[in-house]
Amino acid sequence: MSLTGADDSRTTPAKYPCPCCGYYTFPVSANTNHGFICRVCFWENDAFVRNTLDPSVCNHGMTLQKGRANFKKFGACVDDMLQHVRPPEEDELSGVDEGVNF
Ligand SMILES: [Zn+2]
């Protein structure tokens with residue numbers, strides 16, 4: 001009779017890790033062609049990036065390696081976007097890990 005289980009799964013959004021900063025900011029998986037921009041590092045989800053040295057069209061030709069280095073250095077994948085990013089929220093520190101590690 002109870003539909004509680006189904007309701008729970010609907011109200012808990014799946015969070016997937018951003019391949020650049022590693023926080024769970026994406027509502028879609030890294031392989032989804034969705035164009036979602038990470039609010040923590042401003043990396044845009046790019047389904048066609050398969051490794052860290054693949055230039056990302058969605059990110060103006062930047063590689064994941066460069067974006068990660070920039071995030072480490074000044075806190076965003078491009079310095080122009082530093083004003084638009086925010087620190088990760090508590091629920092972005094963990095989420096669905098798909099094993100996309102490149
Ligand atoms: Zn990110």
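This passage walks through a predicted model of a protein, from its overall make-up to its zinc site and some individual residues.

The protein contains two helices and zero strands. Of its 102 residues, 33% are buried. The surface it exposes amounts to about 6400 Å², and carbon and sulfur atoms supply 54% of that area. Contacts along the chain can also be sorted by how far apart the partners are in sequence: among those between residues at least 6 apart, 38% join residues at least 24 apart.

A good place to begin a closer look is the zinc ion. Its protein donors are the SG atoms of Cys 18, Cys 21, Cys 38 and Cys 41, which lie 2.2 to 2.4 Å from the metal. Read along the sequence, these donor residues follow the spacing C-x2-C-x16-C-x2-C. Within this set, the pair Cys 21 and Cys 38 links distant parts of the chain: the two are 17 residues apart, and each is in the loop between α1 (4-11) and α2 (64-74). Both members of this pair are buried. Cys 18 is buried too, with a relative accessible area of 2%.

The geometry of the site can be described through its angles. The four donor atoms subtend angles of 105 to 116° around the zinc ion, so the arrangement is tetrahedral. For comparison, the ideal angle for four tetrahedral donors is 109.5 degrees.

With several cysteines in view, it is natural to ask how many disulfides the structure holds. The count is zero. Cys 77 offers a helpful example, because its sulfur is 5.1 Å from the closest cysteine sulfur, that of Cys 41, and this is too far for a bond. A disulfide would need the two sulfur atoms to be within 2.5 Å. Cys 77 itself counts as buried, since its relative accessibility is 0%.

The next stop is helix α2, where Leu 64, Gly 67, Asn 70 and Phe 71 are buried. These residues cover an arc of only 125° around the axis, and therefore sit on the same side of α2. What does the face turned away from this buried side carry? Two exposed residues are found there, Lys 72 and Lys 73. Just after the helix, Gly 75 takes a positive phi of about 95°.

Gly 67 deserves a further look, as it connects this helix with a cysteine already introduced. This glycine, in helix α2, is buried with a relative accessible area of 0%. Leaving out residues up to four places away in sequence, Gly 67 touches Cys 20, Met 62, Ala 76 and Cys 77. The C-alpha atoms of Gly 67 and Cys 77 are separated by 4.3 Å, although the two residues are 10 residues apart along the chain.

Beyond the helix, the segment after α2 includes Glu 92. Is Glu 92 buried or exposed? With a relative accessible area of 3%, Glu 92 is buried. Its contacts, not counting residues up to four places away in sequence, are with Lys 15, Tyr 23, Tyr 24, Thr 25, Val 40 and Arg 86.

The loop between α1 and α2 holds further residues of interest, one of which is Pro 55. Its relative accessible area of 51% makes Pro 55 exposed, the cut-off being over 50%. Apart from neighbours within four places in sequence, Pro 55 is in contact with Gly 61, Met 62 and Thr 63. Between the C-alpha atoms of Pro 55 and Lys 66 there is a separation of 9.5 Å, with the two residues 11 residues apart along the chain.

Backbone angles bring the tour to its last topic. Most residues other than glycine have a negative phi. Phe 42, which is not a glycine, nevertheless has a positive phi of about 75°, and His 60, also not a glycine, has a positive phi of about 60°. Phe 42 belongs to the loop between α1 and α2, and His 60 likewise lies in the loop between α1 and α2. Their surroundings can be read from accessibility: Phe 42 counts as buried at 16%, whereas His 60 counts as exposed at 80%.

Definitions and conventions
Residues numbered from 1 in each chain as written. Predicted model: local features only at pLDDT ≥ 70, side-chain atom pairs only at ≥ 80, totals over all residues. Heavy atoms only, no water. Helix = DSSP H or I, 4+ residues; strand = E, 2+ residues; numbered from the N terminus. Buried < 20%, exposed > 50% of the residue type's maximum accessible area, 1.4 Å probe, protein only. Contact = heavy atoms within 4.5 Å. Areas by Shrake-Rupley, 256 points an atom, 1.4 Å probe, with all protein chains shown as cover. Donors = N, O, S within 2.8 Å, 3.2 Å for Na, K, Ca; no water. Tetrahedral: all angles 85-135°; square planar, octahedral: opposite > 155°, others 65-115°. Arc of directions from axis to C-beta.
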